[in-house]
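Visitor: I am new to this structure and would like a close look at a single part. Please take me through it slowly, and explain the terms as you go.

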Amino acid sequence: MRPRGGPPGGGTAQGGRAGERTSRAGQSLRWVLVKAAVAGTTMVALAFLLPLGLTVQQTARERAFTAADRQAAALGPALAITTDQAALARAVASTDAGAQGRIAIHLPAVGPGQGGAAAQPAQAVDTQTVETQAVDTQTIGVGRADATALAAAAKGRVLTVRVPGGYARLQPVAVDPARVAVVEVYVADADLTRGVSTAWLVLSLVALGLVALAVLVADRMGARLVGAARRLAGAARALGTGDLAVRLPVAGPQAEGSPAELREAAAAFNAMADRVVQLLAAERELAADLSHRLRTPLTVLRLNAASLGEGDAADATRHAVAQLEREVDQIIRSARRTPGRPSAVAVGCDAAEVIRERVGFWSALAEDEGRPWQLHGAQAPAPVAVPRGDLAAAVDALLGNVFRHTAVGTAFSVDVTLVEHAVIVLVGDAGEGFDDPSAALRRGEGHGGEGSTGLGLDIVRKLAEATGGYLLLGRSAALGGAEIQLRLGAGGGDSATPARRLGRARRAGRDAGSRA
């Protein structure tokens, strides 16, 4: 007895189910390399260009103050010679910064008892305005620094103070041992950043150029890697479709530029393909040898069947022997056929015709055992992409499964349904059902007793999956026992998802071939 007792209304889908496969699109290796190059080059560029840009900005600032110091130093000789305001005003106007109103000289007042040039009265000057800010200091030019900053600079320190619109550079100059003048040079904010924007623009263009160059190099490298990987994938697909002659180049112009790892993978693929060819050749020889050995006992069996005389049992025996001889001949022809050559047997048949023939064959045994049976939906043509002999063997496996695993007198039924791009065959019985449907479909694990190999349902499942169909096991709603649902692709259509159709109500007498 086979394990029975599957849950009512349930089914087990085996193998690949069409329509349930989801392809996960990954990023191209070429694109990954490009992104890695962009990221790496950008980080390197930022690591160098940011400090360089800050250095340029600092250099521009120092350059502006250095120019201010030179302008102030240019007035030092004039202050050493004279403190005459008119002369100093002319000296200020002779400089570039003075002509722009950016230089001022702050002279200390002449103390009691001090004479000389500093005590001379001031003369009118056309180019500059001489101001007296307090009794302590006289200013030539436009001053911007406050008195506190001037007093601090007069102590001998060079100062830079913030003033509206920029900075004032204060440089002390001794006019005599007792007095210190302060030269003020105005540095505008624009002078501190002159050329910085241009430098940042040039550095940015250099960074973009480096990134573009890195992308170009990475893309070329990626093209070589992707080309080699795609050749490997294409060869694997070709081998999977039956092209046993496909090989990958491991040397020469086609392999030039490929990484050593991919060349090693190509060599391993070629070795695998050679091994597959050798194994298939050995398998064909073994199949041909075993089939040839069966000819002698088949000949004896055919002669014995011919001597059985007349009768249904004798005719059925002779028919079975003839079919067995055809199967053995087909195995020998298939084993001797060169790999890659199309089979001489036409691919495709009328499933309804084959099922009618096989059910008619098994009906004789059903009558002998007192089994009621029904055949539904086998009148209209039902084309499938399966060789006639393979479909007949599959139907025999399904019906033989009923006879082998159910008691004598157990009813069974066969339904044929033509749907879009597929044909569904339902084989149900009134037995005990399946205890473990998944175990029943595992290759070699059937418990059919003597004479059973446990391969029948597995062979049927593989036949269905080869056409894009499937095989389901469940419980028959009409008969209460096991039900097997076989879906065969009609060719050219998409695979379908297994339907949860595990039994349906049947109306007695709707088929002329139905028997009670």
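Guide: Leu216 lies in helix α7, where helices (H or I, at least four residues) and strands (E, at least two) are DSSP runs numbered from the N terminus. The model is a predicted one, in which local features need pLDDT of at least 70 and side-chain atom pairs count only at pLDDT 80 or more, while totals for chains, interfaces and linings use all residues. Residues are numbered from 1 along each chain as its sequence is written, and side-chain values use heavy atoms, with hydrogens and water left out.

On the surface, Leu216 joins Leu213, Val217 and Met221 in a nonpolar patch, and together they have about 390 Å² of accessible area. Such areas come from the Shrake-Rupley method with a 1.4 Å probe, and for residues only the protein chains shown count as cover. Patches take residues with over 30% relative accessible area and no salt bridge, joining nonpolar side chains (Val, Leu, Ile, Met, Phe, Trp, Tyr) within 5 Å and like charges within 9 Å; a salt bridge is a side-chain nitrogen of Lys or Arg within 4 Å of a carboxyl oxygen of Asp or Glu. An α-helix has 3.6 residues a turn, so residues three or four places apart point the same way.

Helix α7 itself has 45 residues (residues 196-240), which at 1.5 Å a residue should span 66 Å, and the 64 Å between its end C-alpha atoms agrees with this; the expected span is 1.5 Å times one less than the number of residues. Just after α7, Gly242 adopts a positive phi of about 110°.

Elsewhere, strand β2 (residues 103-108) holds His106, which is 9.9 Å from Val142, C-alpha to C-alpha, although the two are 36 residues apart in sequence.
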